[in-house]
Structure formats: C-alpha cells, structure tokens
Amino acid sequence: MGYYERWLDWGFKPGWSSYKPTDRELDRYRGMQVGMGRMGFIGRQLNNYTPNIHAIVREYHLMRAFGKGYINRNIRKLEYLNADGKWIGPVAAAETGQWQRLRATYDDDQRVWVNYTDKPWKVDGLDLPAWGSATRGPRGTAGTELRDGQISDFAQYGDTVFADARSHTWT
C-alpha cells in the first residue's frame with residue numbers, strides 16, 4: 001500500500017504531487033486497503049492546494065467503518081471466488097492466479113468483500129461495482145455499492161451514518 005504515487009501506475013511522473021485521484025482510483029486503492037485488512041489513508045493529493053473535501057470525508061467514514069469491523073480482530077477465513085464459481089483458499093488462489101474477488105470473515109462473523117475487477121459483481125446479497133468493497137457485521141456496515149445502477153457509498157458505525165449517492169461533482 002503506501003502513498004498514492006507508489007501505488008498508482010503513473011508513480012512519480014511530473015505533476016504527481018498535485019494530481020487528484022479520481023473516485024474510481026480511490027475505490028481501487030480502498031479495495032486494496034480493505035482486502036489487506038489495513039486502516040485508512042488520506043494522501044496529500046487530496047489535501048493539496050485545493051482540498052478535495054468530498055473525497056476526504058468519504059475516505060474517513062468508509063475506512064472508519066471498515067476498520068471497526070476488522071482492526072484488532074482475528075481473520076477466521078479468507079476466500080477467493082474462482083472461475084468455476086467456487087470459493088477457494090489463498091494458496092489455491094495464488095497457484096491459479098484467481099484472486100480478483102475476495103471474501104474475508106473475521107471474529108463475530110464480520111465479513112468483507114472486495115471486487116478487484118473492472119466488472120460488477122453480485123455476491124451474498126450485495127451488488128458491487130468494479131473495484132467496489134463492502135463489510136457487514138456486528139461492528140459496522142460500509143461499502144461502495146451499486147444501488148439502482150448508481151455507484152453509492154454508505155457507512156454506519158456506532159451513532160454515525162454516512163451516505164453519498166455520488167450524484168454531485170464536488171469542486
């Protein structure tokens with residue numbers, strides 16, 4: 001993981017420090033964080049010159065809910081969906097190169113799903129867009145999901161609720 005410039009394809013090319021990652025790039029980055037059980041990250045590109053307040057608030061609330069679900073928790077099961085529609089373990093996924101769709105189960109049955117592909121994915125009652133992710137369980141609910149064909153974000157943890165229909169372009 002690490003800084004956006006170390007993760008995105010364009011790396012340290014000219015203009016990297018002022019580049020604002022797109023919503024979809026942030027979805028991909030967040031999916032990698034979530035799949036690895038990492039806490040959130042808000043890079044300098046979201047806060048440079050003209051802060052992208054919308055993206056900062058979204059990352060804060062989504063990753064807060066994800067983090068409450070798995071930080072300091074034991075992972076009980078890590079599975080990947082193979083081409084035959086069967087859940088396989090990490091070793092089989094690595095051997096076959098089929099780690100594009102992940103499901104992780106943590107203590108108390110908190111679950112996390114990540115779609116590492118550019119195609120939508122319907123799984124376990126969820127409708128994940130390309131690069132979407134979600135968590136459901138007793139410690140929190142969050143996700144970047146499709147609702148009526150529209151990408152939207154939702155997080156609920158403790159007394160906090162965050163919802164974003166992504167129906168407005170923030171500047």
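Here are two short exercises on the sheet, helices and cores of this structure, with worked solutions.

This is a predicted model, in which local features need pLDDT of at least 70, side-chain atom pairs count only at pLDDT 80 or more, and totals for chains, interfaces and linings use all residues. Residues are numbered from 1 along each chain as its sequence is written, and side-chain values use heavy atoms, leaving out hydrogens and water.

**Exercise 1.** Find which strands stand at the edges of the sheet, and which helix packs on the sheet at about 135° to β4.

Solution. Start with the strand order: an open antiparallel sheet runs β2-β1-β3-β4-β7-β8-β9-β10. Strands are DSSP runs of E with at least two residues, helices runs of H or I with at least four, numbered from the N terminus; two strands pair if DSSP finds at least two bridges between them. Next, look at the ends: β2 (87-88) and β10 (160-164) each have a single partner strand, so one side of each lacks a neighbour in the sheet. Finally, add the helix: α2 (residues 23-35) touches β3, β4, β7, β8 and β9, where contact means heavy atoms within 4.5 Å. Angles run from 0 to 180 degrees between N-to-C directions, with axes fitted to C-alpha atoms, for helices over the stretch in contact.

**Exercise 2.** Work out which element gives the largest share of the largest nonpolar core.

Solution. A nonpolar core is a set of buried Ala, Val, Leu, Ile, Met, Phe, Trp, Tyr and Cys residues joined through side-chain atoms within 4.5 Å; buried means under 20% relative accessible area (1.4 Å probe, protein chains only). This core has 19 residues, and V34, Y70, V112 and A155 touch the most other members. Then sort by element: α3, β3, β4 and β9 each give two or more residues, and α3 gives the largest share, five.

Conventions. Buried means under 20% relative accessible area, exposed over 50%, partly exposed in between (1.4 Å probe, protein chains only).
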